[in-house]
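Trainee: I have a structure to study and I am not sure how to read its features. Could we go through them together, one at a time?

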Amino acid sequence: MSGYPPEMQDSIRKVEATRARRIKETVTAMSLEEREAILEGFHPDYKDETFHAIRVGASKGQRMPIELAKIVEGHPHIGPDFDLSAPIAETDVLIIGGGGAGASAALLAQEQGAKVTLVTKLRFGDANTMMAQGGIQAADRPEDSPAIHYLDVIGGGHFTNVPELVEALVMDAPFAIKWLEDLGMMFDKESDGTMVEAHGGGTSRKRMHSARDYSGAEIMRTLRDEVRNREESITVIEFAPAIELVLDDKGQAVGAVVMNLETNAQQYIKAKTVVMATGGSGRLHYQGFPTTNHYGATADGIVLAYRAGAPLGYLESMQYHPTGAAFPEQIVGLLVTEKVRGLGAKPVNKHGELFVYPLEPRDVEAAALIRECQERNNGLVTPTGQPGVWLDSPMIEMIHGPGAIQKALPAMVRQFGRFEIDITQEPMLVYPTLHYQNGGVQLKADCSTEIPGLFIAGEVSGGVHGHNRLMGNSLLEITVFGRRAGRSAAVYAQGVKPGKPTLAHLDIWNQELKETEVDTGVTSPILLPDYTRRE
Amino acid sequence: MEEQNDLIPVYIMGKQYMVPPTLTIMKAMEYAGYQLIRGVGCRGGFCGACGTAYRILGDPKLYFGLACQTVVQPGMYLAQIPFFPAPRATYDITKLEPTATTLFSLYPEVLRCLGCGACTKACPQDIDVRNYMAAGMRGDIAALADISFDCIMCGLCAVRCPAEEAQYNIAILARRLYGRYLTPRSQHLQARLGELEEGKFDAEMAELKKLSKEDLVAQYKARDIEPK
C-alpha cells in the first residue's frame, strides 16, 4: 500500500526502472566556478529584493532578510524605566536558551564553580539541537586531521569564515566527542569501539559521527539529563524567554528581563554575566519557505544583543537544507537528513535521472534542486502544488543490504511510515527548506562579544561557518562553543564587579529609532510565530 | 478558503471546532484559533512536547499520538498532555556501576512493573516499552538501552502506568550507563586526543590561518576526497 497518489506513482515507476543503472552512475562534483554560477542563479540568498539593509544600530547598513530586519529594527517590550530594584533571582551566570549550546554552557560554568540559572522559552530541550538527525563532525580518524577539517569548513563557507573560530571548532572537536562519550552518549560504533563515520556534503573525509538518525536528540537528552543531575547549582526556568538584556552603568551585561509566558509577568534576573544561546530564526519563514526549525526559532537573541550594542555579521546568508520533505502535505518542510545521501541515496528527477552530485555543500545542492524544478521543469508537483524531486532511498539497501535503512534511519522510516510511505521501498519527495541561520552576533573564539560580560554560543552567533555551514558542524558548534562560553563566563564572573543595573541602552535605541524615523510597527523579540487562522 | 462542507468536527477538550481534514492535530488547533504555548515544541516528532490522548466518537478505544504527527479524524475528542509529573533519580554518572543493582537502587519501582503493556500501547514512537521494562527487571541494561533508543521522553507511558513508573527516566539512565560503561571506548579518538595535547597540529593550523584566500582556494581544490 502506497501513500502516494497514482500520478506520483507513475513517476516512481520511472525511478525504479533506472535504479539498478544509477547505482553505478555518477555525476561529477561542481568546480568552485560552477558552484558560484548555480548559487547566483538559483539560491534564495541571491534574491536581492528579499533583503533589506538595517537602518539603526551598531551594524547599520548590514543586509539581512526583510523578515529579520523588521524585528531587529523593532520596539522593545518594556521601557527604560522598568523596575530593576527587586530581581526575582540572583546568579553568577545567566544562560538564555535551553538547547544544546545553553546546556553545554551550563555544565561547564557549573564545573568552574559558578551558580547557574538557565532560562528557556519553551521546555528545556525544545530546540533545534533536538531535531538534528545526521551527525556531528570531528577529525578523529588517522586518515583525517583538524587541518583537513579546517579546509572543508572554510571552503564550504566560501572562504569567508573567521579563521580563529574555525580553528576553535576543528581543534576542540575531538574533545567535544570525548566529552559526550564520557557523559554516556550512545554513538554508533563498531563492536571494538571504533566510531562509525560517514561523509556529509562538502566533506573530504568521513568524519560524521552519529547516533542512528537521532544524533541531536541523543546529545540533547543526555546534556539535559546531566544538567538535571546538577540541580543544586543549576536552576532551570522554563517558559521564561528573555525580553531584554540588562547592562550596568559601566556597560557590562548583568542579567536579563524575562517574561513568564503563561502569566506574562516580566521579571529581572540579576547575574554577573550572561550567556546568550537562543538559537536560530527559521520560524520567520524567509521568502515564505517552510522550515525544519522548532517552534521557538524567532531570532530573539539577535534582537536583544543587537539592541544592547553587539555587532551582527553574516546574516545576509541563510541555509536552505536541500532535502526538506515535499510530500505529504502534513510534513512539508521537515528535515530529511543529509545522512540519507551520506548512505548512498541520490536525488533523481521525475524522469528517474540523476542531475547533481549528491553531496555538494548544502547551498549548492539546494540551488541545484531548485534549478531542476524551476528552470528545467524536471520536478514533480504534488496535488497541493508543492514542487519536489525524488530522493531515492531504496538505493541504500542495494548498497548496504536489507535492513540498513531501519537500522540507520529509524526516525525517517517512522516519519514517512505514519503516512503510509515505506522509504525502504519507495523514494521520498524532497525540496529545499529553511534550515539554519549562518550568521548572527559576532564573537571571539572565547565566545566574548563587544559587550563586556555577554558571551555567545551556537546558532545565534555568526562567523564560524562563513556563508554556508556544512552538515554536522552545528551539533559540533553548539558543543564546542557552548562549552567555551560556559567556561569563559564562569571565569569572568569570578573577577567582575557589577555596577548598577540599568536599561539606559533602551533610551539610546528608542532615540535612534525616532531620529531615523524607523517604525516597523513590530514589538520584538516576537517570541513565537502566530499560526492561528485570521478570518 | 475551504468550503464549510469540506470541514470535519473535532472536539478540543470537549468543545467542537470545524477543521480541514488534512491537518495534523496541532495545525487543527491553530486553525481553530489556539495560539499554542504548551503542547508544542519542535513540530517534527522529536521533542515529545505534544503528547495527546484522544477518542473517536463511537469507538470505545483510547488512542495516543503526537499532535504534530497525527492527522485529525472526524469526531476526534482531544486532550493535550503537555506535562505529567514523574519521579526522576538524581545521580553522578561518573560514580555508578552499570549493573542491575544500580538500576534497582535508583529506581526500585522497576521491579513493580506488572507487564500489562499499557505503556507500549500509549507510545507514539511504537517502542515496545513493556519489553524494555522487562529487560530492566532482568537487569539487562544493554537491551533496555537498545530497545528504548528512539524514546522522545513525551511521558505518555508514565501517564498510563498502573505501577506508577516513569519508564522514560529509567530508560535514559540505562542508555547513559550503556554509552559510558558498556560499549568499548573509541581508541582512535583517544589517540587523536593525545596528538592534540602534544600540539601535533598546532604549527599546521597556525600556517593555515595565515593563508591568503587565493592560497586557501588552491589548497581546497587540491584536497583528495576519501572514497565512499
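Trainee: How far apart do the C-alpha centres of domain 1 and domain 3 of chain B lie?

Mentor: This is a predicted model, and in it the C-alpha centres of domain 1 of chain B and domain 3 of chain B are 52 Å apart. To place these on the chain, look at the division of chain B, which gives domain 1 (4–80), domain 2 (93–182) and domain 3 (187–221).

Trainee: Which domains does the assignment give for chain A?

Mentor: A domain may be written as several stretches joined by plus signs, and chain A is such a case, with domain 1 covering 6–30 + 322–434 and domain 2 covering 89–136 + 173–317 + 438–508. The centres of domain 1 of chain A and domain 2 of chain A, taken over C-alpha atoms, are separated by 32 Å.

Trainee: How many residues of these two domains of chain A are in contact?

Mentor: On the side of domain 1 of chain A there are 23 residues, and they are in contact with 24 residues of domain 2 of chain A. At least two residues of that domain 1 side are supplied by each of α10 (339–342), α11 (362–374), α14 and β17 (428–437) of chain A. By character, the residues on the side of domain 1 of chain A that touches domain 2 of chain A are twelve nonpolar, five polar and six charged.

Trainee: Now the two chains: how many residues does the contact take from each of chain A and chain B?

Mentor: The contact takes 69 residues from chain A, and from chain B it takes 63 residues. On the side of chain A that touches chain B, two or more residues come from each of α5 (128–131), α6 (146–156), α7 (163–183), α8 (215–229) and α14 (410–417) of chain A. The largest share of that side, ten residues, belongs to α7(A). Sorted by character, the side of chain A that touches chain B has 30 nonpolar, 15 polar and 24 charged residues.

Trainee: α8(A) was one of those elements. What length is expected for α8(A), and what does it reach?

Mentor: The comparison sets the expected rise of 1.5 Å a residue against the distance from first to last C-alpha, and α8(A), with 15 residues, reaches 21 Å, close to the 21 Å expected. Burial is a separate matter, judged by counting neighbours, where 20 or more other C-beta atoms within 10 Å make a residue buried. In α8(A), 13 of the 15 residues are buried, so α8(A) is largely enclosed by the rest of the structure.

Trainee: Is helix α15 of chain A largely enclosed or left open?

Mentor: Of the 23 residues of α15(A), 20 are buried, so α15(A) is largely enclosed by the rest of the structure. As for its length, helix α15 (residues 473–495) of chain A should span 33 Å at 1.5 Å a residue, which agrees with the 33 Å between its end C-alpha atoms.

Trainee: And A:V381, is that residue buried or exposed?

Mentor: Neither label fits, because A:V381 has 15 C-beta neighbours inside 10 Å and so counts as partly exposed. A:V381 is placed in strand β15 (residues 380–381) of chain A.

Trainee: Let us turn to sheets. In what order do β5, β6 and β7 of chain A stand?

Mentor: These three strands form an open sheet in the order β5-β7-β6 (chain A), with antiparallel pairing. At its edges stand β5 (136–137) and β6 (197–198) of chain A, each with a single partner strand, so one side of each has no neighbour in the sheet. Two bridges join β5(A) to β7 (residues 208–209) of chain A, and A:Q137 stands opposite A:M208 in β7(A).

Trainee: What pairing does the open sheet of β12, β18 and β20 in chain A have?

Mentor: That sheet, in the order β12-β18-β20 (chain A), has mixed pairing. Its edge strands are β12 (312–313) and β20 (461–462) of chain A, each pairing on one side only. Strand β18 (residues 440–442) of chain A pairs with β20(A) in the parallel sense over two bridges, and A:V441 stands opposite A:S461 in β20(A). Helix α9 (residues 300–307) of chain A packs on this sheet, touching β12 and β18 of chain A, and its direction makes about 40° with that of β18(A).

Methods
Residues numbered from 1 in each chain as written. Chains lettered and ligands numbered in written order. Predicted model: local features only at pLDDT ≥ 70, side-chain atom pairs only at ≥ 80, totals over all residues. Contact = placed C-beta atoms within 7 Å. Helix = DSSP H or I, 4+ residues; strand = E, 2+ residues; numbered from the N terminus. Nonpolar A, V, L, I, M, F, W, Y, C, P; charged D, E, K, R; others polar. Domains from an automatic or database assignment. Pairing = 2+ DSSP bridges. Expected span 1.5 Å × (residues − 1). Buried ≥ 20, exposed ≤ 12 C-beta atoms within 10 Å, placed from the backbone. Axes fitted to C-alpha atoms, helices over the stretch in contact; angles between N-to-C directions.
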